[in-house]
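Here's a friendly walk through one protein model. Take a look at the sequence and the 3D view, and then we'll go through a few spots together.

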Amino acid sequence: MELLQLFLKSIFIDNMVFATFLGMCSYLAVSKKVSTAVGLGAAVIFVMLVTVPLNYLLDQYILRPGALVWLGEEYADYDLSFLTFILFIATIATMVQLVEMIVEKFAPALYNSLGIFLPLIAVNCAILGGSLFMQQKEFANITEATVYGVGSGIGWFLAILAIGAIREKIRYSNVPPAFRGLGMTFILTGLMAIGFMSFGGMLTGGDETPAKKDVVENVAPVIEKESIIEQTIDSTAVEVVKDSVTVIAQN
């Protein structure tokens, strides 16, 4: 259940485009047609699927402070975290080169349509952001990192696919001249971002609300404590009144 929740959160709530606005360059440039949007989105999913788990292993066994302890106790004080960006980008560039070779071999038309933006996946901030967010979230195992990588890739794919389909439709619509082109695209992106934010209540709304049983268990001691205090105050007041009456009677 936790993996499913992580998967859905990475798609809808932590969407790379609508939540953090990463990868906007490719998102805006390649979303004029659905066919090119699907091709680039699929490439991003594959790259995220491979690079996030690989970078997780690099982070756990090489880059973190003390990660080299598996080589021996004398390496426990080594800190190679300054190599994070270099190694992460090297891993991403390697996978992007592999994707580029495959697309050029089996889908030359798509390769020509994507143009310069296919090799530019290597410097796509959404791809690097996925690995850096993975490092920040400190996942417990490689399975969680893989689920997060796939979900982030699918979220980016859904974003570029949705805007590509809408841009194909509005091409034949009577859009005011001032909003044609990127102006309408940014407006639509903002509206879709608001729509994706609504998923936050579905997936995280119940986490902040305590269970009814916990509320009862927490409130009961407070009520009991208050009743004890009230009884103590009442008994003290009665004793004070009695003492006052006794003094008056003696006088």
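Which side chain meets that of Asp 59 in a salt bridge? The partner is Arg 64, and the N to O distance is 2.8 Å. Keep in mind that this is a predicted model.

**The salt bridges**

A search of the whole structure turns up two salt bridges. Side chains of opposite charge can pair when their charged atoms come close. Besides the pair we just met, there's one where the side chains of Asp 14 and Lys 137 come together at 3.9 Å, N to O. Asp 14 sits in the loop between helix H1 (2-13) and helix H2 (24-29), while Lys 137 belongs to helix H6 (residues 125-137), so this bridge ties together parts that are 123 residues apart in sequence.

How open to the outside are the four partners? Here are their relative accessible areas:

| Residue | Relative accessible area | Class |
|---|---|---|
| Asp 14 | 30% | partly exposed |
| Lys 137 | 40% | partly exposed |
| Asp 59 | 2% | buried |
| Arg 64 | 24% | partly exposed |

Asp 59 counts as buried because its 2% falls under the 20% cut-off. Arg 64, across the bridge, is partly exposed at 24%.

**Helix H8 and Thr 185**

Next, scroll along to helix H8, which covers residues 182-197. H8 has 16 residues and runs 22 Å from its first C-alpha to its last, close to the 22 Å expected at 1.5 Å a residue. Its buried residues are Met 184, Thr 185, Leu 188, Thr 189, Met 192, Ala 193 and Phe 196.

Is Thr 185 buried or exposed? Thr 185 is buried, with a relative accessible area of 1%. If you set aside its neighbours within four places in sequence, Thr 185 is in contact with Leu 28, Ile 163 and Arg 167.

**The largest pocket**

Rolling a probe the size of a water molecule over the atoms shows where empty space is left. In this model, the largest pocket holds about 230 Å³ of space. Helix H7 (142-170) and H8 are the elements that give two or more residues to its lining. Thr 185 turns up again here, as the lining includes Thr 185 and Met 184 along with Arg 167 and Ile 170. Also among the lining residues are Lys 32, Arg 171, Ser 173, Val 175, Arg 180 and Gly 181.

What kinds of residues make up the lining of the largest pocket? They divide into three nonpolar, three polar and four charged.

Methods. Residues are numbered from 1 along each chain as its sequence is written. This is a predicted model: local features need pLDDT of at least 70, side-chain atom pairs count only at pLDDT 80 or more; totals for chains, interfaces and linings use all residues. Side-chain values use heavy atoms; hydrogens and water are left out. Helices (H or I, at least four residues) and strands (E, at least two) are DSSP runs, numbered from the N terminus. Buried means under 20% relative accessible area, exposed over 50%, partly exposed in between (1.4 Å probe, protein chains only). Contact means heavy atoms within 4.5 Å. On a 1 Å grid over the protein atoms alone, a cavity is a set of points where a 1.4 Å probe fits but cannot get out, and a pocket is an open set with protein on both sides within 12 Å along at least five of seven lines; lining residues have an atom within 4 Å of a point. Grid points are joined across faces, edges and corners, and a volume is the space filled by probe spheres set on the points. Ala, Val, Leu, Ile, Met, Phe, Trp, Tyr, Cys and Pro count as nonpolar, Asp, Glu, Lys and Arg as charged, and the others, Gly among them, as polar. A salt bridge is a side-chain nitrogen of Lys or Arg within 4 Å of a carboxyl oxygen of Asp or Glu. The expected span of a helix is 1.5 Å times one less than its number of residues.
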